[in-house]
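User: I'd like to learn how to read a few features off a model like this one. Can you walk me through it?

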Amino acid sequence: MMRSIITCSALLLTTITSTTSGGSFCYEPHVDTNDPSSLGYYRALYDYLASNDFDRSRGSGAESQRVGSVEVVRAGSLPDGSPIAGPNVDLSLIRISSILAFSDAVVTASATGTEEDGTSTVLVPRGNGGIQAYGDAAGFLLGIHHFNNGIGSVVREIDGINNTCPVRFVVDFADSESSQTVAVENFSRDICTHPDRPPAALFSAWRSAVSIPLAVLSSVYAIPQISPLSTSTELNDVTQYRYFARLIPSDAGTARATIDYLRSRSPSLRHLGVLYVNDAYGSAFFQALSESAQSESTPVGDRINVLGSPFSYNVASYADISPREIRIAIRALADTSIRVFFGVFYDVHYELVMRTAFEFGIAGPGYA
């Protein structure tokens, strides 16, 4: 059984990766409880087995049982009159938790502020109406739907797998609000609310700053965590983040490629200025750039001196970024004689960074 679950889980991950484009809640699509091909059928079946309405003692527990985070249901074990049609084969139902940044928590000052300091926290859609998170969620659901029903139109290896693999998956989604604290709170609440049926895996998150504390918690509970976009080299530490995996290389390789590219374009380059956001992603990337530029495999005379200038990143002010710290960081670079610069920040910073760099005269003709 365990080998079957591991094999099926690996194929599911491949399917989700292929179909993904870019407070907690469960998806609630139209459910035909008599049709296993309905998107929400297995979700409804899992919820019913986990509810108090299902008498697990029926049949001395032999017809349906819980093994760790897996609901094992025998064919025909559901009582007559149950709201969910019973499966016609033995099945293992596995729940996955997904925490994505659907919104940002924005702190605003107002006369009607609800906090003691006169501020209020409101949720706003994350960039472009949160389209990336919803796109990821849609891809996740599509991948699970294809796997559960053996649809091989995207990943041909799973065609008909529903006839040979007795495993089905369901997923819960939660909003991280782009916050480490909120993400950990959601994951902790999930585990504490369902101590007898924790998620079998965690699919999260984009920002390394969010993935890192989640990876600590997932390691404590031995729950595999998979991130689609977290690239911080800190997450390479397999002794600390034992159950963490990702679908993208770490920044170490990207940093080496960056330095190699800069050397190929300017063999005489000896000084590089780096403007970076001071979070887990930006700091780790800057460190990787510095190490690559000063690699012991490079002759001493050819090594590049890297000067970093950080600015803080506060997701709570995501929609109202103050230019002050960015101006200070760019001014520090402008006060040097460096003429080649590299930036490590987010798309929300781009316009302000470039406008400020041009203002201080370090962007435009003569600079790279």
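Analyst: Sure, starting with burial: a residue is buried under 20% relative accessible area, exposed over 50%, and partly exposed in between (1.4 Å probe, protein chains only). Aspartate 302, at 36%, is therefore partly exposed. One caveat: this is a predicted model, where local features need pLDDT of at least 70 and side-chain atom pairs count only at pLDDT 80 or more, while totals for chains, interfaces and linings use all residues. Residues are numbered from 1 along each chain as its sequence is written, and side-chain values use heavy atoms, with hydrogens and water left out.

User: Which residue forms a salt bridge with aspartate 302?

Analyst: A salt bridge is a side-chain nitrogen of Lys or Arg within 4 Å of a carboxyl oxygen of Asp or Glu. For aspartate 302 the partner is arginine 270, with the closest N and O atoms 3.1 Å apart. Arginine 270 is partly exposed too, because its relative accessibility is 24%.

User: How many salt bridges does a search of the whole structure find?

Analyst: The search gives 9. One of them joins aspartate 279 to arginine 207, again with 3.1 Å between the closest N and O atoms. Aspartate 279 sits in the loop between strand 11 and helix 7, and arginine 207 in the loop between strand 8 and helix 5, so this pair ties together parts 72 residues apart in sequence. Helices (H or I, at least four residues) and strands (E, at least two) are DSSP runs, numbered from the N terminus. Aspartate 279 is buried, at 9%, and arginine 207 is buried at 9%.

User: What about a salt bridge inside a helix?

Analyst: An α-helix has 3.6 residues a turn, so residues three or four places apart point the same way. Here, arginine 189 bridges to glutamate 185, the closest N and O atoms being 3.0 Å apart. The two are 4 residues apart in helix 4, which means about one helical turn separates them.

User: And how do I read aromatic pairs?

Analyst: You describe two rings by the distance of their centres and the angle of their planes. Rings of Phe, Tyr and Trp (its six-membered ring) pair if their centres lie within 6.5 Å; planes under 30 degrees apart are stacked, over 60 edge-to-face, and the rest tilted. That rule yields 9 aromatic pairs. Among them, tyrosine 276 and phenylalanine 286 are stacked, at 4.5 Å centre to centre and 10° between the planes. Tyrosine 276 is in strand 11 and phenylalanine 286 in helix 7, so the pair ties together parts 10 residues apart in sequence.
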